[in-house]
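Let's take a stroll through a few strands and see who sits next to whom. Have the structure open while you read.

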Amino acid sequence: MKMDSSILCRAVLVLLALPSMQCAESEPQSAVFLPEYALSPQGSFMEDATEDQFLTYRYDDQASRMTRSDEDRDTGWDAWGPWSDCSRTCGGGASYSLRRCLNGGSCDDKNIRYRTCSNTDCPLESGDFRAQQCSAHNDIKYQGATYDWVPAPYDPSAPCILQCQAKGRSLTVELAPKVLDGTRCRADALDMCINGVCQEVGCDRQLASGAREDNCGVCGGEGSTCRLVRGQTLPHLTPEQSLKTVLEVPLGSRFLRLSAKGPDVLAIEAVPLQGRKEETSLVTAGSYVIGNTSLDFQRGTDRQTLRTHGPLNADFIIKMKYGGPKDTVVQFLFYQPIRYQWRESDFFPCSVTCGGGYQLNSAECTDIRSNQTLPEHHCNSYPENTKPMPKLKECNMDPCKEGDGFKEVMPYDHFQPLPRWEQGPWTQCSVSCGGGWQDRSVMCVEEDSHGQFSEVEKWKCTHSPGPVTRQICNTFSCPQWVAMEWSQCTVTCGRGLRYRVVLCIDHRGQHIGGCEASLKPHVKEDCLVPIACHKPRETTGLRWIITTDTTREHQDHQLTSKSVPVEAKVPWLKQAHELEKHHTATEDPTFVPGPWAPCSTTCGLGKQTREVKCNVMLSFTKTEVDLPEDECGKERPQLERRCNQGPCTQVPGISSGLQDHGAPYTQMEELYSWDYRSFTACSATCAAGKQTAAVRCLNRKQGDEVEDSLCNSSSRPPVMTRICNPEPCPARWEVTSWTSCSVSCGVGIQTRSVFCMRLLSIDQQDILSVSEEDCRELKSAILQPCNQVDCPPVWEAEPWQLCSQSCGGGVQLRKVYCKQLLSTGAYRRLADKACWGPKPATNRTCSNTDCLPYLAGGEWGKCSVSCGLGIQHREQLCHQLMGMGHQVTLDRVQCSGLSSPPLLRTCRMMACPKHNKDLRPNDNQKFLVKSQVGRPRKARGYKDGVKRCPVLIGKHHIYIQTHKEKRLYLTVGGHAYLFPNTSLVIKCPVRRFPKAYIRWLKDGRPIPSSKHLDINKSGSLKIHFVTAADIGVYKCVAGPASDIFTLQLIGLDSRSNGRVSTTSPGPNREEMLPSCHSHYSNPNPFWPAVSVSLVPPGAQDVMLQPRIKDRLINITLQADRREIQQEQASKLISSLLTHMSAAQLWTRIPEEGVQTKGT
């Protein structure tokens, strides 16, 4: 074809205009596709543009030369041209850019470059791009017939050839030498064909970027958006309980692998976010699609394996169905997505409108299941989550059109910044795992014109939402015990033991401590090998010795030999040991030498070297551990030895001075010459091995091979190699090296990566990662224990306790133990002498700051009486506790305004003599007698023939509640200390006064009637379900007579309800005299007796300690005499009842003395 007509024909065919159209110079009908890119219209070219041919323009493009870089000028290249249109509109295509060589075609490198484009996914109805190209040939006859063409199976040797297969037939034909650019090399990868070559495409859809998805499915990620979940479970199914859920795998999880060893049957219930759930039992091996997710299920005689690359499109609930009496062990591993993840937000508005500004973005905490934005504490609960740093970019870079050249700043920059929230750091989480709380302080601050910040009222910050002050933390699961598989039985017949490794694994899959020791699975159990043990027939005298720290025990161990007599074996054993001793690791530290390296020379004397390690064998795990050479102790085997490869050969009859005798040498050269012989065997069975042609020195006359030294080495021909077995190797598991052990002792963990790969080329080490489904063999282990040896004892200190004082020099304490981590993962506590080094301090000083001054009382003075009940006084002192712990006395002025401690208290001396019972002006009664001088015996207000005043009959009791009771009935005139939520009725018995006119006051104020507080017809006050708001002093008023009742709740501060209780109007000295206004009508001037009653009435098996009872009575009397405030007395009694232990408060009374009736 001519150039122009062929291009026109191709264009018509690609556009799929009339399929039957014939070209001007058409040959037999066939499908023809254009080269991937139409030539640029900026200039016409002399020939087609390819990667290896350079373009020549028919005219000189001066504009393109002006845009060349310095590097282009140095290499002779013109500037790159514009990018072409994309080869596809979706699904990932390719675009190209051209440049021309200005040095007459002598430029290095290529004249074309590529990039990907249109990387958005195509609609599902558009179909496969390769299938579209095959179907374009459906109307074109092939060998006289038309077919419906579909893509042929993937051929790794020719991924970019358009090979199609006739639908429903075995006919496969190459319909085009290369597919259109942007066609995927294979269906399960992003690699694309460009100009007939398969180009690598990263997960970021960029050419040769090398970007790969991490285990979480994030392109170029670091695995921080998911966490590895692995473990083992034992369902213990029975015919009665034939179905049990063993594992729940959430939506979005990847790389699920589950192995079940036992007779039970696997079943999967898929629960999508929307739609109906489905359940499938896995009975036969094969591929399944469950919950819109493809799974591979393999079933053997005693093992089932379930694998999927993921991600799961539904929540999977994996169950086991009963299949037999034997237990099934289920092991699983998958990567679970972290539900709450950070996602970057859009950029905020630009800081300026012109002249160049900046704009920032932020990150939002998102629930990936519901795609909703949540508070930040959800994302902060995961240690793996790291909030992205805000990104900064320039914006509005155009110069401002008008003005004096300054930037136009956004309006909010003209004003003083608004008050804003400022938050403190988060406190430590309340728990280390399993979900706890942490708090922080939040305040509203304002910046003044000088840039200084100060705290202001919180309402000033209400223009913006306040930060949260509490958040959930450490929601990850606590460490759990994970048991490995059991080892082989320690015997080959009869009863023995088997062992396994049990590790404490945290939520990251790392081995740490912290698991509950009582829940640890056992690491050793009995095992039985069903083979009878037989007594050996003959033995040899090999002896081994076990040595302990305290005793030495010698035991003979006999080696059995049945097939050959002992006499026949000894010489052979001796000869074998003389040749080479084979050393292996034992349970004692032993030097284990490696194999000898080849001799350092090919002839004559040389030397050989080898590596020697100090190893020890861990018996129950059957693993070897490297130790320092000092542990082996004994003499180390030699590292070098001499070797002799025999004498170096020389050509007979030729002396060392050959170069001095040209003629003999020339004759020998003519007689012997180099020649190629047959090829060696292929170096590999797949992946492009090599064969080398053997070069031999031949005798020209006889044609026989002779020594290489007879031929001239300078004329030796080069090595001839050829490629053999070019097909890729079958998929196999590839493992990386084990990581270093996580710990040096105890029980460590080593991990490695295991992936499925195909080797494409041995020489170039071209490895292709494929799906794990392609590897049919059992996947290698990715985890193993290491360094299972006991750690040396070390000191372990607990955190410091709180300081004993907030100022004035306190002490902090902590506990320090000597602990040892054992090879089983458990800790053993030892005596302090077992740890090396000094023991860490268990106490230290703290709060070394001066305290504020405070008022204290001095020493109590002498009691005012020599017998009976009196009072004591003391002075008021101003003290200050200094930072070093000593106390100083200051001037009282320094303590002005501070609350004073009690300066007066009652004192009880020995009982006064009985003859002193009559009233006499003793020391403690002088003021009473003095006040009665000249007064009649009758109470004031009494007159003959006049009606007497009302009388209140109160009870001066202290009521203490010891058991919960719905309702209590008490009498006015006492003090009650009750439990919260107890209903109370306070009776006010009165004589010579109508009960309907009784009034009640609380803290000096009338009590309004309500559902909570009510006065009944008999004048009693009802309080329904006492709360802290009911604490106070109640007063019953019956005309001129009145009495009080003090109510306190045990364990509550009287000011806890936000108010200060008023002091009780306790009786003063004037009220001690007979009066209508006092219920103490007895002319005896003594204070009324006080008793203590335990409520509720009923069986009481305890009573107050006598000294506690006296203390309560004294405090009550002090309050009645107004020596202390009523509120202070209530606090003292409440503190005694709530802060003292039960043994200090109560004493059990004999059974016959139990109270049966309350007061």
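## Strands and their partners

Strand E4 and strand E5 (residues 172-176) pair in the antiparallel sense, with four bridges between them. Keep in mind that this is a predicted model. If you look for Gln165 of E4, you'll find that its bridge partner in E5 is Thr172. E4 and E5 make a hairpin, and five residues lie between them. In that turn, Gly168 has a positive phi of about 80°.

E4 has another partner too: strand E3 (residues 149-151) pairs with E4, antiparallel, over three bridges. Here Pro151 stands opposite Cys164 of E4.

Now, which side chains of E4 (residues 162-166) are buried? They're Leu162, Cys164 and Ala166, which point to one face. Gln163 and Gln165 point to the other face and are not buried. That fits a general pattern: in a regular strand, side chains alternate between the two faces of the sheet.

Further along the chain there's an open sheet of three strands, in the order E45-E47-E48, with antiparallel pairing. Its edge strands are E45 (732-735) and E48 (766-769), each pairing on one side only. From one strand to the next, the twist averages 55°. E45 and strand E47 (residues 754-761) are joined by four bridges, and Trp733 has Cys756 in E47 as its bridge partner.

Here are the strand pairs side by side:

| Strand pair | Sense | Bridges |
|---|---|---|
| E3 and E4 | antiparallel | three bridges |
| E4 and E5 | antiparallel | four bridges |
| E45 and E47 | antiparallel | four bridges |

Definitions and conventions. Residues numbered from 1 in each chain as written. Predicted model: local features only at pLDDT ≥ 70, side-chain atom pairs only at ≥ 80, totals over all residues. Heavy atoms only, no water. Buried < 20%, exposed > 50% of the residue type's maximum accessible area, 1.4 Å probe, protein only. Helix = DSSP H or I, 4+ residues; strand = E, 2+ residues; numbered from the N terminus. Pairing = 2+ DSSP bridges. Axes fitted to C-alpha atoms, helices over the stretch in contact; angles between N-to-C directions.
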